[in-house]
Amino acid sequence: PECGDITTAWASAYSYTEETLTLRYAQAVVPTQINIYETYNPGSIVRVSVSDSSGANSAVVYEAAPQIVETCPRVLTVDISAVAFPVQQVTIELDQTDHSGWNEIDAVELVGIALP
C-alpha cells in the first residue's frame, strides 16, 4: 500500500535498462483485465502481452511510451476485450532508460473467466 523500495517486489538488476518480466499462471483464463501493482518509480511499462500455454496464440493488450508517473504506488489496469483464447502467460516489457531509478512491481493480477 506504500511507495518505496520494497525488498519483496520484482526489480531488474539495473535501473537504466529495457527489461522483460514473464509470468506464468497455473489456471488458464480468458482474460478480462490485468492489474499491475507498481510500488516504486511507476511508468516504465511500455508493453503488455498475453499468450496461451504453448505460445501458439498471443496478443499485445497494452502499449505506451515510458513516462514519469507521480502517483506512487500505482495500479496499472489493462482492460481486455479482444482476446478470446485461454491465457496462462503475461509478459511485461519495461523501458527504464529515462527514469531516475528502478521500476518495482509487487504483483500482477490476471483477471478472467476460467474454462470448464
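In this predicted model, Glu-93 has a relative accessibility of 23%, so this residue counts as partly exposed. Glu-93 belongs to a network in which salt bridges with shared partners join Arg-47, Glu-63 and Glu-93. The briefing begins with these charged pairs and then turns to the strands, the nonpolar core and the disulfide.

**Salt bridges**

- The whole structure holds 3 salt bridges, and as general background, side chains of opposite charge can pair when their charged atoms come close.
- The side chain of Glu-93 meets that of Arg-47 in a salt bridge with an N to O distance of 3.0 Å; because Glu-93 lies in strand S5 and Arg-47 in strand S2, this pair ties together parts that are 46 residues apart in sequence.
- Arg-47 also forms a salt bridge with Glu-63, where the closest N and O atoms are 2.8 Å apart, and this pair links strand S3, which holds Glu-63, with strand S2, which holds Arg-47, across 16 residues.
- The two residues of that pair differ in their surroundings, since Glu-63 is exposed with a relative accessible area of 51%, whereas Arg-47 is partly exposed with a relative accessible area of 27%.
- A further salt bridge brings together the side chains of Arg-74 and Glu-38 at 2.8 Å, N to O; because Arg-74 lies in strand S4 and Glu-38 in strand S1, the pair ties together parts that are 36 residues apart in sequence.
- Here Arg-74 is buried, with a relative accessible area of 15%, and Glu-38 also counts as buried, at 0% relative accessibility.

**Strand S1 and its partners**

- Strand S1, which covers residues 18-40, is joined to strand S5 (residues 87-95) by 8 bridges, and the two run antiparallel; in this pairing Arg-24 stands opposite Gln-89.
- S1 also pairs with strand S6 (residues 104-114) in the antiparallel sense over 10 bridges, with Val-30 standing opposite Ile-113.
- The pairing of S1 with S4 is likewise antiparallel and runs over 6 bridges, and within this pairing Asn-35 of S1 stands opposite Thr-77.

**Asn-35, a polar residue inside S1**

- Asn-35 has a relative accessible area of 7%, and because buried means under 20%, this residue is buried.
- The side chain of Asn-35 makes a polar contact with the side chain of Gln-33 at 3.2 Å.
- Apart from neighbours within four places in sequence, the residues in contact with Asn-35 include Val-75, Leu-76, Ala-107 and Val-108.

**The nonpolar core**

- The largest nonpolar core has 21 residues, of which Ile-34, Ile-36, Ile-45, Val-48 and Ile-92 touch the most other members, and the elements giving two or more residues to this core are S1, S2, S3, S4, S5 and S6.
- In soluble globular proteins, nonpolar side chains tend to be buried together.
- When neighbours within four places in sequence are left aside, Ile-92 is in contact with residues including Leu-21, Leu-23, Ile-36, Ile-45 and Val-48.

**The disulfide**

- The structure has 1 disulfide, which joins Cys-3 to Cys-72 with an S to S distance of 2.0 Å.
- Cys-3 lies in the segment before S1 and Cys-72 in the loop between S3 and S4, so the pair ties together parts that are 69 residues apart in sequence.
- The torsion about the S-S bond of Cys-3 and Cys-72 is about 80 degrees, and the disulfide is therefore right-handed.
- Cys-3 counts as partly exposed at 40% relative accessibility, and Cys-72 also counts as partly exposed, at 25%.

How values were computed. Residues are numbered from 1 along each chain as its sequence is written. This is a predicted model: local features need pLDDT of at least 70, side-chain atom pairs count only at pLDDT 80 or more; totals for chains, interfaces and linings use all residues. Side-chain values use heavy atoms; hydrogens and water are left out. Helices (H or I, at least four residues) and strands (E, at least two) are DSSP runs, numbered from the N terminus. Buried means under 20% relative accessible area, exposed over 50%, partly exposed in between (1.4 Å probe, protein chains only). A polar contact is a pair of N or O atoms within 3.5 Å; within protein, one must be able to donate a hydrogen and the other to accept it, and residues adjacent in sequence count only if both atoms are side-chain atoms. Contact means heavy atoms within 4.5 Å. A disulfide is a pair of cysteine sulfur atoms within 2.5 Å. Two strands pair if DSSP finds at least two bridges between them. A nonpolar core is a set of buried Ala, Val, Leu, Ile, Met, Phe, Trp, Tyr and Cys residues joined through side-chain atoms within 4.5 Å. A salt bridge is a side-chain nitrogen of Lys or Arg within 4 Å of a carboxyl oxygen of Asp or Glu.
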